[in-house]
Amino acid sequence: MSISQDPNWWRQAAVYQIYPRSFADADGNGIGDLQGITSRVPYLNELGIDAVWLSPFYPSALADGGYDVDDYREVDPKIGTLEDFDEMVAALHAEGIKVVVDIVPNHSSDRHEWFRQALAAGPGSPERERYIFRDGLGEHGELPPSDWESVFGGPAWERVTEPDGSPGQWYLHLFAKEQPDFNWDNPEVREDFLTTLRFWSDRGVDGFRIDVAHALTKNLEETLPKQAELGQLGTGADGFIDGSHPYWDRDEVHEIYAQWRKLFDEYDPPRTAVAEAWVHPERRARYASPEGLGQAFNFDLLMAEFDAGKFQQIITKNLTEAETSGASSTWVFSNHDVVRHATRFGLSDSTVTPEHGNNGKPGNAWLLNGGHREDVDVDLGLRRARAATLLMLALPGSSYLYQGEELGLQEVGDIPAEARQDPTFFRSRGAEIGRDGCRVPLPWTSAGSSFGFGEDGAHLPQPGWFADYAVEVQEGQQGSTLELYRAALRLRRELQTEESLEWLKTGHKDVLAFMRPNGWVTVTNFSDVKAPLPAGEVLLTSAELNDGMLPGAATAWIRRTSLDATVTGMPEPRQRSPKRSGAQ
Ligand code: GLC
């Protein structure tokens, strides 16, 4: 298949996120690499995705899993070379798969050449002006400029030692201390990112995922407010929907994206971008506008419980929002920052605790309780995850999938403390367990060193039960999660149609049904008793039908033969839906 020149390819794409260090390890050093990805292009092609998004593969000390970048225009020697990158892009493009890369513009790593120069040059130098340095408070500048806490816990300011050996200024880092924030008021910083975007666009990259897109511009001119006045850190604009927060979601950030858009539009087809922006929903549209990045993640489904009412409300709201912004909607259940959805959906209410914000993600309470597998209703979690995914893949807009979810992979919740890597675990002193459990290298085979990931183990420990989820075990296996994803993605391409849907009446609050303009109907049963299906040809189901009925926690795709807008003949399931269940 040749690569599509359609400028709208992204609008309803199925995008598969690869966390390169945990996908496939070709050189057998325990860390996944670019050659590993290239070797799995046939797998990606067979899966039927439209694009891959690669989390950072740049040189990095991995203080934050690669989101601490030493050099934005290089490949980490541990995982490959620029030539490997070109080969990977060519191999993906040859199968018609687009390539999206992650850009981390809010902060570099503390090993970045610019940061090293800033430390060496001393206070007041132009080198320091590329980052956010301030004198400390107190008689000798021994106190940080404010009491702000970083998103990962601990203080957001770090004191440096000046070139003459004396204790010196402080720099701002909203994340780990190895991630100093750039000063986006400095034109040099702006220019350098344009160079980076050109560098990758010229190498054939089709689009960009913009990390913490709502940070970047900051207002640190006046007396800095107290942490208590800022609300919950990491939630974006909670309570700051007027853009008045000193560093989240300020209006000026859009000037940067308008400039980036001009650059993207110089290419044919234009390069795409999707914003990771944890902002008030009312302010998301600006990131997604055609004059800006063009698309923005909404994490609403990812934060939601498996509940018909909540799903319907979220879907309706986001489709309306997309219409306002001119972008297409984005949908996502799993990524490298959250507990995998096959696990989340198998947790009882008390262990989910979906507080809002970057820190209070669903599943965190279970992790804090030890993340034991016996506390997860694994079967229920997987049934619900399969149902939810099949629903998502039928929605108008693009779906973002995370490596391993096509295997129904569960979170590894009980990684021993000494094997953990995530800075959130260390900085919060264990108050947060962190994100390692969804970053464990994938199982390709049911036996062998690191389950086929590579020849020399895996950089995060894989549990024995990974064997049951291996690609090898599921391939060609009727009813396996891998075959469900393959069938769904194949059909999705055939069925794809205009970006709208119509809700159908089902007569039951726990059963959702919607129809796309071409008669592609999706029915999801959120209850645990079987429900009738509307007339039509059953194309695919996430669970086996039971006497022609849709079992609980299942989704069906149906081709309507008549296009009337109600699903007649769908009486209430016999029992009332029970309370959400799951192991204690
Ligand atoms: C984003 C990334 C996350 C990273 C953080 C800081 O939220 O998804 O993995 O830790 O930004 O770069």
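Modeller: A polar contact is a pair of N or O atoms within 3.5 Å; within protein, one must be able to donate a hydrogen and the other to accept it, and residues adjacent in sequence count only if both atoms are side-chain atoms. We can hold the ligand contacts against that.

Biologist: First, what kind of model is this, and how are residues numbered?

Modeller: It is a predicted model: local features need pLDDT of at least 70, side-chain atom pairs need 80 or more, and totals for chains, interfaces and linings use all residues. Numbering starts from 1 along each chain as its sequence is written, and side-chain values use heavy atoms, without hydrogens or water.

Biologist: What makes the approach of Asp-211 to the ligand a polar contact?

Modeller: A polar side-chain atom of Asp-211 lies 2.7 Å from an oxygen atom of the ligand. The limit is already stated, and 2.7 Å falls within it, so the pair counts. His-107 also places a polar side-chain atom 2.9 Å from a ligand oxygen. For Arg-435, a side-chain N or O atom is 3.0 Å from an oxygen of the ligand. Taken alone, the ligand exposes 310 Å², and the protein buries 98% of that. Those areas come from the Shrake-Rupley method with a 1.4 Å probe; for residues, only the protein chains shown count as cover.

Biologist: Which residues come nearest the ligand, and what makes a residue near?

Modeller: Near means that a heavy atom of the residue lies within 4 Å of the molecule or strand. There are 13 such residues around the ligand, and Asp-64, Asp-211, Glu-276, His-336 and Asp-337 come nearest.

Biologist: How does the ligand shell divide by class?

Modeller: Into three nonpolar, three polar and seven charged residues. Ala, Val, Leu, Ile, Met, Phe, Trp, Tyr, Cys and Pro count as nonpolar; Asp, Glu, Lys and Arg as charged; the others, Gly among them, as polar. Asp-211 is therefore charged.

Biologist: What makes a void a cavity, and how many are there?

Modeller: On a 1 Å grid over the protein atoms alone, a cavity is a set of points where a 1.4 Å probe fits but cannot get out; lining residues have an atom within 4 Å of a point. The search of the whole structure finds six of 30 Å³ or more. The second largest holds about 110 Å³. Points are joined across faces, edges and corners, and the volume is the space filled by probe spheres set on them.

Biologist: What lines that second largest cavity?

Modeller: Its lining has 13 residues; Ala-288, Ala-296, Glu-321, Ala-322 and Ser-328 lie nearest its centre. Five of the lining residues are nonpolar, six polar and two charged. H8 (284–288) and H10 (308–325) each give at least two residues. H10 has the largest share, four residues. Helices (H or I, at least four residues) and strands (E, at least two) are DSSP runs, numbered from the N terminus.

Biologist: Why is Asp-249 called buried?

Modeller: Buried means under 20% relative accessible area, exposed over 50%, and partly exposed in between (1.4 Å probe, protein chains only). Asp-249 has 0%, so it is buried. It sits in the loop between H6 (227–230) and H7, with a positive phi near 55°.

Biologist: Why is Asp-547 called exposed?

Modeller: Its relative accessibility is 69%, so it passes the exposed cut-off. Asp-547 also has phi near 55°, positive in a residue other than glycine. Its loop runs between S15 (537–541) and S16 (554–559).

Biologist: Why is Leu-539 buried, but Thr-38 partly exposed?

Modeller: Leu-539 has 19%, so it counts as buried. Thr-38, in H1 (34–39), has 23% and is therefore partly exposed. Leu-539 is in strand S15; its C-alpha is 7.5 Å from that of Ala-556, 17 residues apart in sequence.

Biologist: How do you know that Ser-334 is buried, and what does its side chain contact?

Modeller: Ser-334 has a relative accessible area of 2%, hence buried. Its side chain joins that of His-341 in a polar contact of 2.7 Å.

Biologist: Where is the cis peptide bond?

Modeller: Between Asp-268 and Pro-269, with omega about -5°. Pro-269 lies in the loop between H7 (253–265) and S8 (272–275).

Conventions:
On a 1 Å grid over the protein atoms alone, a cavity is a set of points where a 1.4 Å probe fits but cannot get out, and a pocket is an open set with protein on both sides within 12 Å along at least five of seven lines; lining residues have an atom within 4 Å of a point.
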